[in-house]
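Trainee: I would like to take a close look at one part of this structure, the surroundings of the ligand. Could you walk me through that part slowly?

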Amino acid sequence: MNSPAPVIALRNLARSFEQGGVRIDVLRGVNLQIAPGEIVALLGPSGSGKSTLLQAVGLLEGGFSGQIQLAGTEASDLDAAGRTTLRREHLGFVYQFHHLLPDFNARENVVLPQLLLGVSRRDAETRANELLGALGLEHRLDHRPSQLSGGEQQRVAVARALANKPKLVLADEPTGNLDEKTADRVLSEFLELVRGQGSSALVATHNERLAARMDRVVRLHEGRIA
Ligand SMILES: Nc1ncnc2c1ncn2[C@@H]1O[C@H](COP(=O)(O)OP(=O)(O)OP(=O)(O)O)[C@@H](O)[C@H]1O
């Protein structure tokens, strides 16, 4: 039987930066495929290029060479509007710092990305309530980010990332800002929800212990996946 088409396929992805006349080759030909439902940890020391790789896969930045195929579509064939549509339909993001909209409450932060995809407000609110409830935040729906603890803020960020059932969740040190116990719990909840809805995930971390809880670990070394 053929294996299912990968959710994401990177071929020979490269990115350099130039600073003060010096060129740094951060990514030097990354090849990676992630299968549907697979959760992959991206390990590497500080400065190894994990965030740069996630930015490329997130179709957020230009300046890359190589190929990024997301859900069967080659990103470099699309213009900016096409990449935005592809991103909204298939990707969810969790960052180290929550990046929630400060003037909106927890529920609205989870509702808004759904409205952008054309989901009705009623359905979007139902989904937000479900997700936030699963994360133990049923009593925090009307709180704004500044009225939440760090762990609660990250849980809302997780709910927002999963709201549209993305094919791939990109997470950049999603628990890096939390104490160890809270980080463990939020990661467990994140993994359970991602697995439950059959999404894939690529999670950048320098924490070996957290990485070991995912389906596969890949390491960035000298600009390539070792
Ligand atoms: N916009 C930029 N301009 C110049 N250099 C950059 C830029 N963005 C990243 N870099 C360099 O690229 C390298 C990789 O950075 P990146 O943030 O991807 O690493 P990382 O593995 O995510 O690190 P960390 O674990 O500390 O977050 C670093 O040396 C960084 O200084």
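Trainee: Which strands and which helix each supply at least two residues of the shell around the ligand?

Mentor: Please keep in mind that this is a predicted model, in which local features need pLDDT of at least 70 and side-chain atom pairs count only at pLDDT 80 or more, while totals for chains, interfaces and linings use all residues. Residues are numbered from 1 along each chain as its sequence is written.

The elements you ask about are strand 1 (8–19), strand 2 and helix 1 (50–57); helices (H or I, at least four residues) and strands (E, at least two) are DSSP runs, numbered from the N terminus. Helix 1 gives the most to the shell, with three residues. There are 13 residues around the ligand, counted as near if the C-beta atom, placed from the backbone, lies within 6 Å of it, and among these 13 the nearest are Phe-17, Ser-46, Lys-50, Ser-51 and Thr-52. By class, the shell has three nonpolar, nine polar and one charged residues, where Ala, Val, Leu, Ile, Met, Phe, Trp, Tyr, Cys and Pro count as nonpolar, Asp, Glu, Lys and Arg as charged, and the others, Gly among them, as polar.

Strands 1 and 2 also belong to an open sheet of four strands, with the order 2-1-4-5 and antiparallel pairing, two strands being paired if DSSP finds at least two bridges between them. Its edge strands, each pairing on one side only, are strand 2 (22–34) and strand 5 (73–74). Strand 5 runs antiparallel to strand 4 (residues 65–70), joined by two bridges, and in this pair Gln-69 stands opposite Glu-74.
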